[in-house]
Amino acid sequence: MKTLSNTIEKIPGLRSLLDKISDTISVFVLTTIEVCIQHQLKGYLRRRLKSSVMAISTKSLTIREQ
């Protein structure tokens, strides 16, 4: 790995090109998975809200019965 890094450093402009490629790939991957993650997060938050409402409703019914 050290030899590869040394070789990359010896070639002018290659390090900046590899950095640009790496950044572009990162942006592509993150924007691609953002849709899936956002959809799953919305579902998770919806379920959490529903369970919280149910817990509050159950607790208020229990308090009224006492």
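**Notebook: Arg-15 and its surroundings**

I looked up Arg-15 before anything else: at 31% relative accessibility, Arg-15 counts as partly exposed. Note to self: this is a predicted model.

**Salt bridges**

I asked which residues Arg-15 pairs with, and two partners came up. Arg-15 makes a salt bridge with Glu-9, where the closest N and O atoms sit 3.1 Å apart. Arg-15 also makes one with Asp-19, with 3.9 Å between the closest N and O atoms. That second pair falls under the 4 Å cut-off, so the contact counts as a salt bridge. I checked where these two sit: Arg-15 and Asp-19 are both in helix 2, 4 residues apart, or about one turn of the helix. The shared partner ties Glu-9, Arg-15 and Asp-19 into one network of salt bridges. For the whole structure I got 2 salt bridges. Asp-19 counts as partly exposed, because its relative accessibility is 38%.

**Nonpolar patch**

Next I went through the surface for nonpolar side chains. Leu-17, Leu-18, Ile-21, Ile-25, Phe-28, Val-29, Leu-30, Ile-33 and Ile-37 make up a nonpolar surface patch, and together they have about 810 Å² of accessible area. I picked Ile-21 out of that list for a closer look. Ile-21 belongs to helix 2, which covers residues 14-65. Is Ile-21 buried or partly exposed? Its relative accessibility is 41%, so Ile-21 counts as partly exposed.

**Whole chain**

Last, I pulled the totals. The protein chain has 2 helices and 0 strands. How many of its residues count as buried? I got 3% of the 66 residues. The chain exposes about 6400 Å², and 65% of that comes from carbon and sulfur atoms.

Key:
Residues are numbered from 1 along each chain as its sequence is written. This is a predicted model: local features need pLDDT of at least 70, side-chain atom pairs count only at pLDDT 80 or more; totals for chains, interfaces and linings use all residues. Side-chain values use heavy atoms; hydrogens and water are left out. Patches are made of residues with over 30% relative accessible area and no salt bridge: like charges are joined within 9 Å, nonpolar side chains (Val, Leu, Ile, Met, Phe, Trp, Tyr) within 5 Å. Accessible areas come from the Shrake-Rupley method with a 1.4 Å probe; for residues, only the protein chains shown count as cover. Buried means under 20% relative accessible area, exposed over 50%, partly exposed in between (1.4 Å probe, protein chains only).
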